[in-house]
Amino acid sequence: MLDKLGGIALPDDAIRWLLTPQALKAELLKQIAQAKFAITIAALYLEDDEAGREILTALMLAKANNPELDVTVLVDFHRARRGLIGHKGDSGNYFMYREFTQKAEHPIKILGVPVKSREFMGVLHLKGFVIDDTVIFSGASLNNIYLHQGDKYRFDRYHVISSPELARSMRQMVKDYIEDDKAVTSLTQSKESEQLPDKVDVRTLKTRLSAAKYEFKSTKTGNRITPVVGLGRKRNKLNKLIIDLVSHSAESLFICTPYFNPPYILSRALSKHLKQGKRIDIVVGDKTANDFFIPPEEAFSTIGALPYLYEQSLRKFAKRQQWAIDSGQLNIHLWKHGRNSYHLKGISADNRNHLITGSNLNPRAWALDLENGLLLQDETGCWKEQFNNEQQHILEHTERLYHYSQIETLHDYPAPVRKIMNRIRRIKADFLLRRIL
């Protein structure tokens, strides 16, 4: 697939690397303020908090200053219409969207995309802030922690790509396959006249989205970038690209994932890669850097067991591959920086092919969520130094795992976690959980 996959020709100076969430926020606000003809934003959510309101205010102001500006925001429908996990009462980000719209002389489009009929069955995990001829690509959503609006941040990757053809292609895919779909609905409707999507249209949306694709002027030579989108386990172009990146890497892989729970086909490809004598570096968040982690001194809720489930998945993988850890072929780096969290995704193969994506490389991303990514093929090596610099920045707050026994077992966990995980084992629910986590 890598040999056959065409891409958009990209000049050497068309990419910029942003290394911090503050830099992402500053870039977003700058690009929004100077937008001339179109802004298309896709994110899991735009939160009702200080940072979310600042971004939404900037979008509204850009539209007010230029009423002809086409501003479209896509978020997950279900995520927008519920409160934060653990918070009770009638809440949801769509209340903020209504509030802003009622005050606006020139409102913007804020659309909810119900990828599946229930949030746990799949969400809009599409990424990309497309502003005029620029694409800002990150796995980040828009809220305080992703944009480091307080004393904590969620670490991600941030790339700015200047390419009219890439921007046009990504904007057109949203228009063709999402924005005009009958299941996609406005989240700014008033409560009195609100019309929700038909249940049949929502159930069939996944079929229509699975046919989504980016169309662009393609070349198969030179430095290029290729947008890829995928949904579902079958005929998923993004999944196939990930497996091909791993399978055809000649020397090394550098992999980032926040939640270690690879689907079987990916785990098997990684094992084969190691058996062929090649190197893998995996950077994964420590369980305390998981956004669902609850410190032992705080009140525990069921969702707090998730980081421990992911940690046990990592421990099993490390135990199976201890021989590769001993030989130096497999290097597992655990990221931890104070009370901050880790959300990086992507694969670099042989310092030549680089996939930047929002996919968590887990069964949920593989089969349930609508995902996308950008593949950069660096034939001349012009971006090698910048990607190496980014990798060194990523590794700054990591510790290498030298033996699987360094990872805690069930007996080391707090009592509420042990209780939940023993219950999961007893009813044999771990198999099902691994498929949706």
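Two strands are said to pair if DSSP finds at least two bridges between them, and the strands themselves (E, at least two residues), like the helices (H or I, at least four residues), are DSSP runs numbered from the N terminus. The structure is a predicted model, in which local features need pLDDT of at least 70 and side-chain atom pairs count only at pLDDT 80 or more, while totals for chains, interfaces and linings use all residues. Residues are numbered from 1 along each chain as its sequence is written, and side-chain values use heavy atoms, with hydrogens and water left out.

We can begin with the sheets. Strands of a sheet pair through backbone hydrogen bonds, either parallel or antiparallel. One open sheet has nine strands in the order 1-11-18-17-16-12-13-14-19, and its pairing is mixed. At its edges stand strand 1 (8-9) and strand 19 (398-401), each of which has a single partner strand, so one side of each is left without a neighbour in the sheet. Within this order, strand 12 (residues 252-257) and strand 13 (residues 279-285) are joined by six bridges in the parallel sense, and Cys256 has Val283 in strand 13 as its bridge partner.

Another open sheet is built from eight strands, again with mixed pairing, in the order 2-9-7-6-3-4-5-10. Its edge strands are strand 2 (15-18) and strand 10 (185-186), each of which pairs on one side only. Strand 7 (residues 134-138) and strand 9 (residues 158-162) run antiparallel and are joined by five bridges; Val135, for instance, has Ile161 in strand 9 as its bridge partner.

Next come the helices, whose directions are described by axes, that is, lines fitted to C-alpha atoms (for helices, over the stretch in contact), with angles that run from 0 to 180 degrees between N-to-C directions. Helix 9 (residues 306-320) lies across strand 13, strand 14 (330-335) and strand 19, and it runs at about 160 degrees to strand 14. Contact here and below means heavy atoms within 4.5 Å.

Helix 1 and helix 2 have axes that come within 9 Å and cross at roughly 15 degrees, which makes helix 1 roughly parallel to helix 2, a description that applies to angles under 35 degrees (over 145 is roughly antiparallel, 65 to 115 roughly perpendicular, and the rest oblique). Their crossing is right-handed, meaning that the near helix is turned clockwise from the far one by less than a right angle, whereas an anticlockwise turn would make it left-handed. Lys25, Leu28, Leu29 and Ile32 of helix 1 make the contact with Glu54, Ile55, Ala58, Leu59 and Ala62 of helix 2. By class, this contact has seven nonpolar, no polar and two charged residues, where Ala, Val, Leu, Ile, Met, Phe, Trp, Tyr, Cys and Pro count as nonpolar, Asp, Glu, Lys and Arg as charged, and the others, Gly among them, as polar.

Helix 2 (residues 50-65) also packs with helix 4 (residues 94-103), at an angle of about 30 degrees and with the axes 11 Å apart, and these two helices are therefore roughly parallel to each other. On the helix 2 side the contact is made by Arg53, Leu56, Thr57 and Met60, and on the helix 4 side by Met96, Tyr97, Glu99, Phe100 and Thr101; these residues divide into five nonpolar, two polar and two charged.

Helix 7 (residues 237-247) and helix 8 (residues 264-275) pack at an angle of about 10 degrees, with their axes 9 Å apart, which makes helix 7 roughly parallel to helix 8. This crossing is left-handed. Ile242, Ile243, Val246 and Ser247 in helix 7 meet Ile265, Leu266, Ala269, Leu270 and His273 in helix 8, and the contact divides into seven nonpolar, two polar and no charged residues.

Finally, there are 27 salt bridges, each being a side-chain nitrogen of Lys or Arg within 4 Å of a carboxyl oxygen of Asp or Glu. One of them links Lys30 with Glu27, whose closest N and O atoms are 3.8 Å apart. Because Lys30 and Glu27 are three residues apart in helix 1 (residues 21-33), they are separated by about one helical turn.
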